[in-house]
Amino acid sequence: MTKPKSTKTSQTSTSISTHKSPKKEVPLSELPKPTIISPKKSKNKSTLRDDDEGGARVLYWHRTDLRLTDLPALVRALEEIKDIKGFWPIWCFDPEYVYKHRVGLNRWNFLLESMNNLSEQYEKRNDKQKLWTFRGRPEFIIRKLKLDWGITHLCFEKDSNAYSKVRDEKVFALAEELGIRVISTPGRHLYDPDDVIKLNKGKPTMTLHQWQSVTSKMGDIEKPAPTPESLPDPGSIKLEDNHEEDWGKYEGVDLNADVRTGKDTCFESIIGPLSDPFSVPTMAQMGFEEATTTIKGGTIEGHKRLDLFLGDPDKVGTFSKPHSEPTSLEPSTTLLSPYIKFGCIGIRELWWGCKDVVEKWKEDTGGKGETKEPENMFGQLQFRDMYACAEAAIPHFERIRGNSVCKYIAWNLQNQYDLNGNEILPRPIDKDDEESEKRLNAWKFGKTGFPWIDACMRQLKYEGWIHHLARHSVACFLTRGQCYISWERGMEVFDEWLIDWDPASNPGNWMWLSASAFYSQYFRVYGLVSWPQKTDKTGALVRKYCPELKDFPDKYIYSPHLAPLAVQEKAKCIIGKDYPSPILDEHLEKDLCIARIKDAYHLNYHGNDQDVLDGTAEKKLKEIHEQNGHTHEQKKEEDVKKRKRDGAGALDKFVKREKVN
Ligand SMILES: Cc1cc2nc3c(=O)[nH]c(=O)nc-3n(C[C@H](O)[C@H](O)[C@H](O)COP(=O)(O)OP(=O)(O)OC[C@H]3O[C@@H](n4cnc5c(N)ncnc54)[C@H](O)[C@@H]3O)c2cc1C
């Protein structure tokens, strides 16, 4: 391995300042309490270095905290660890993440931009610093840096989600073995989910009210942590050559194989190309094409967006999520979610920023029209925490099987498992249900023939973000609304395409939208025409993302299949040829979904019931559907009879339905 250019190892002092967003400095004693593991004296002799001069050599391991503002874990590391002889902010490109998680181009791009931007922030404060980027499993990197750099401390922001817990348990065990002191400090949420669960007697918070009630006993939300203005130098950055270790070896399935169009050279060396060691990988090195999104990553961009929102006190004071507009071309909500997901801004900066702005706005204007929780911004942030607490407390939160809060509904295209209960990945195509496979594919790629759904899905793929109520529409359509396809399939597509993908909010919201948990009004279904018409009769979003429909008159923009042929010809778009005909009958399928979910609610199975695990529940439910006339064939037959009775042709029926909707 080449020697990267050497840097001096003198230490600069650490001073603290605040970012310009409104917030107050907070004394250390008020920062979230860390989990500190002080290992017993290491038994492993190989971890002791001959040239050990004493003093601390500290790794700050960045994960989903790509910022220097409001980062309690970093502040504590710098304040608590005395006599720092070397300090390295690092990132580990973990092959488990790179290959085993579905991540689309836009999220990769956002991550890489955010890493580069963080690296610049470090350099700005100390020109010997950067984000030292490694490519390999964290356990391997840490072991190696103990040997090569004599690491004494490892600090990071605590993560409570299932994947991170497993990863961090391994790291804790390794640190114990190597004699490294670990300081893990909460900071990703308003309250540490593990503390909330503990106070809630080990149970998840399943409603906002429950979460509010538990956290009301936990004291106020911490104030934003101050930003370090300067940082200690790194120590030596020389790495011993030990190619024999398979740091980047990954033998599982590459779930991103179909996104990778070029040669993947990411893991050819533990520190990246020799010309630019420790650099953040590029999209090309990972075998990816350019991203399409216009959403730029980074803590600077995130703070610009935060300041934009906080700079409009009227908007902050009257923010009402249910009244925001999913059809708007410009985001009608904050579009802060990607920056929150990757920790480009601190959650307390947003919370206290809003609190301060709202207080002042009320003083200045009297606060007319002030919105309350849950629809105001505070309610939105609480929802995020509520899902985090649920995910941290409920095993298998991201799937139906084994999930104790998820109602069992016999959805089509559920996850598949082998005889040992391991999920089969990638999911094999269901040859017995080609119709659902077709529907899923049409939904994913925006070809359902329902312009509102198609525009949302195309925007999601292109931008990596869609409005919350657009997420509602597409999730409802795929699951309880019309397609009756498992929420696991929709969640999977969101996993891949959302920049703001979050391991708790994504499955949590999918369970909500499919009425599988958190929400039970399965009979309330979004109209595919009437719903978008509420906020935009002109169909601007459809015209942008489904350009083939752009010349349709407003009257037909959400239902071009109803337009007479002359109108279609004038719009230069023939339905069924230039744009798909609807893949299903909206209302027939809706009635069927509601009827079947009613059956499932009546039976009341959950994902961890034995009957679900051994397949009995599915059989029973299907029998019940048949007995009750709730199968596709029976419903269609019934519908045809009804149409004959009514004397109405199929098209008339469509028209009538659109009118009453
Ligand atoms: C099916 C479905 C899947 C979703 N998946 C995700 C996901 O993977 N990651 C994600 O961050 N959000 C997810 N959401 C929640 C929500 O849609 C987004 O957080 C929001 O649209 C992001 O846009 P914004 O930043 O402009 O939101 P704003 O309305 O400006 O809200 C500010 C912040 O509050 C939080 N927030 C708001 N609503 C929710 C919510 N319902 N659940 C959790 N947090 C919320 C987010 O951090 C958001 O950035 C999902 C919603 C649905 C219906």
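This section describes the overall fold, the ligand surroundings and selected local backbone features of a predicted model.

The protein comprises 25 helices and 8 strands. Of its 661 residues, 48% are buried. Among contacts between residues at least 6 apart in sequence, 80% join residues at least 24 apart.

The ligand is surrounded by 29 residues, of which Thr333, Thr334, Ser337, Asn506 and Asn509 come nearest. Two or more residues of this shell are given by each of helix H10 (337–341), helix H12 (377–393), helix H15 (468–481) and helix H17 (505–513). By residue class, the shell around the ligand consists of 13 nonpolar, 10 polar and 6 charged residues.

Helix H21 spans residues 586–603, and its 18 residues reach 26 Å from the first C-alpha to the last, close to the 26 Å expected at 1.5 Å a residue. The buried residues of H21 are Glu586, His587, Glu589, Lys590, Leu592, Cys593, Arg596, Ile597 and Ala600. In an α-helix there are 3.6 residues a turn, so residues three or four places apart point the same way. Just after H21, Asn604 adopts a positive phi of about 60°.

The loop between helix H20 (565–570) and H21 contains Ala571. Ala571 counts as buried because 21 other C-beta atoms lie within 10 Å, the threshold being 20 or more. Beyond residues up to four places away in sequence, Ala571 touches Asp551 and Phe552. Pro560 is 11 residues from Ala571 in sequence, and the C-alpha to C-alpha separation of the two is 9.9 Å.

Several backbone geometries were also examined. Most residues other than glycine have a negative phi, and most peptide bonds are trans. A cis peptide bond nevertheless joins Glu373 and Pro374, with omega about 5°; Pro374 is placed in the loop between helix H11 (347–365) and H12. Another cis peptide bond joins Leu425 and Pro426, where omega is about -10°. Pro426 belongs to the loop between H12 and helix H13 (434–444).

Positive phi values occur at Asp83, near 55°, and at Tyr484, near 60°. Asp83 is located in the loop between helix H1 (72–80) and strand E4 (84–93), whereas Tyr484 lies in the loop between H15 and helix H16 (487–497). The two residues fall into opposite burial classes: Asp83 is exposed, because it has 8 other C-beta atoms within 10 Å, while Tyr484 is buried, because it has 23 C-beta neighbours inside 10 Å.

Conventions
Residues are numbered from 1 along each chain as its sequence is written. This is a predicted model: local features need pLDDT of at least 70, side-chain atom pairs count only at pLDDT 80 or more; totals for chains, interfaces and linings use all residues. Helices (H or I, at least four residues) and strands (E, at least two) are DSSP runs, numbered from the N terminus. A residue is buried if 20 or more other C-beta atoms lie within 10 Å of its own, exposed if 12 or fewer, and partly exposed in between; C-beta atoms are placed from the backbone. Two residues are in contact if their C-beta atoms, placed from the backbone, lie within 7 Å. A residue is near a molecule or strand if its C-beta atom, placed from the backbone, lies within 6 Å of it. Ala, Val, Leu, Ile, Met, Phe, Trp, Tyr, Cys and Pro count as nonpolar, Asp, Glu, Lys and Arg as charged, and the others, Gly among them, as polar. The expected span of a helix is 1.5 Å times one less than its number of residues.
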